[in-house]
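Welcome! Please take a moment to look over the sequence and the structure, and then we can walk through one part of them together.

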Amino acid sequence: MAIRNSSKLSQKAVIKQIVKRCSNLTKKHGYENDEGLPLDVPKGHFVVYVGDNRSRYIVPISFLNRREFQSLLQRAEEEFGFEQHMGLTIPCAEEVFESLISTLR
């Protein structure tokens with residue numbers, strides 16, 4: 001996410017908030033193992049939901065530092081806020097998301 005002004009959270013703080021929120025969602029929905037993560041999500045990754053069908057994608061945390069991915073997160077914040085109860089949803093067509101993540105790998 002881009003830093004909009006000095007009264008907003010720093011980029012690092014926003015990323016920490018997103019990661020914490022993702023972790024809290026997995027605990028709420030009973031996916032936790034000893035580390036509080038879904039069993040199918042490797043360490044260093046998190047889950048997002050994309051498109052009208054809310055397709056589930058597991059993406060590396062390193063994507064949070066990429067400007068292109070931050071743009072998607074900013075759109076998600078604007079559309080849904082941080083209080084998403086069904087997981088972090090990215091407002092983007094699945095085809096566009098898949099194309100984007102293929103360029104980030």
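## The two sides of helix H3

In this predicted model, helix H3 covers residues 94-104, and its buried residues are Glu94, Phe97, Leu100, Ile101 and Leu104. Looking down the axis of H3, you would find these buried residues within an arc of 125 degrees, so they line one face of the helix. Turn to the other side of H3, and you meet Glu95 and Thr103, which are exposed.

What do the buried residues of H3 pack against? Their partners are strand E1 (45-50), strand E2 (55-60), helix H2 (67-80) and strand E3 (89-90).

## A link to strand E2

Let us visit one of the strands. Ser55 is part of strand E2, and its side chain makes a polar contact of 2.8 Å with the side chain of Glu94. Glu94 is one of the buried residues of H3.

Leaving aside residues up to four places away in sequence, Ser55 touches Glu94 along with Val48, Tyr49 and Val50.

## Helix H2 beside helix H3

Two packed helices are described by the angle between their axes and the distance between the axes. Here, the axes of H2 and H3 come within 10 Å and cross at roughly 150 degrees. Angles over 145 degrees count as roughly antiparallel, which means that H2 is roughly antiparallel to H3.

Which residues make the contact? H2 brings Glu68, Phe69 and Leu72, while H3 brings Phe97, Leu100 and Leu104. Sorted by class, the contact of H2 with H3 has 5 nonpolar residues, 1 charged residue and no polar ones.

Definitions and conventions: Residues numbered from 1 in each chain as written. Predicted model: local features only at pLDDT ≥ 70, side-chain atom pairs only at ≥ 80, totals over all residues. Heavy atoms only, no water. Buried < 20%, exposed > 50% of the residue type's maximum accessible area, 1.4 Å probe, protein only. Helix = DSSP H or I, 4+ residues; strand = E, 2+ residues; numbered from the N terminus. Arc of directions from axis to C-beta. Contact = heavy atoms within 4.5 Å. Polar contact = N/O pair within 3.5 Å; in protein donor to acceptor, adjacent residues only side chain to side chain. Axes fitted to C-alpha atoms, helices over the stretch in contact; angles between N-to-C directions. Parallel < 35°, antiparallel > 145°, perpendicular 65-115°, else oblique. Nonpolar A, V, L, I, M, F, W, Y, C, P; charged D, E, K, R; others polar.
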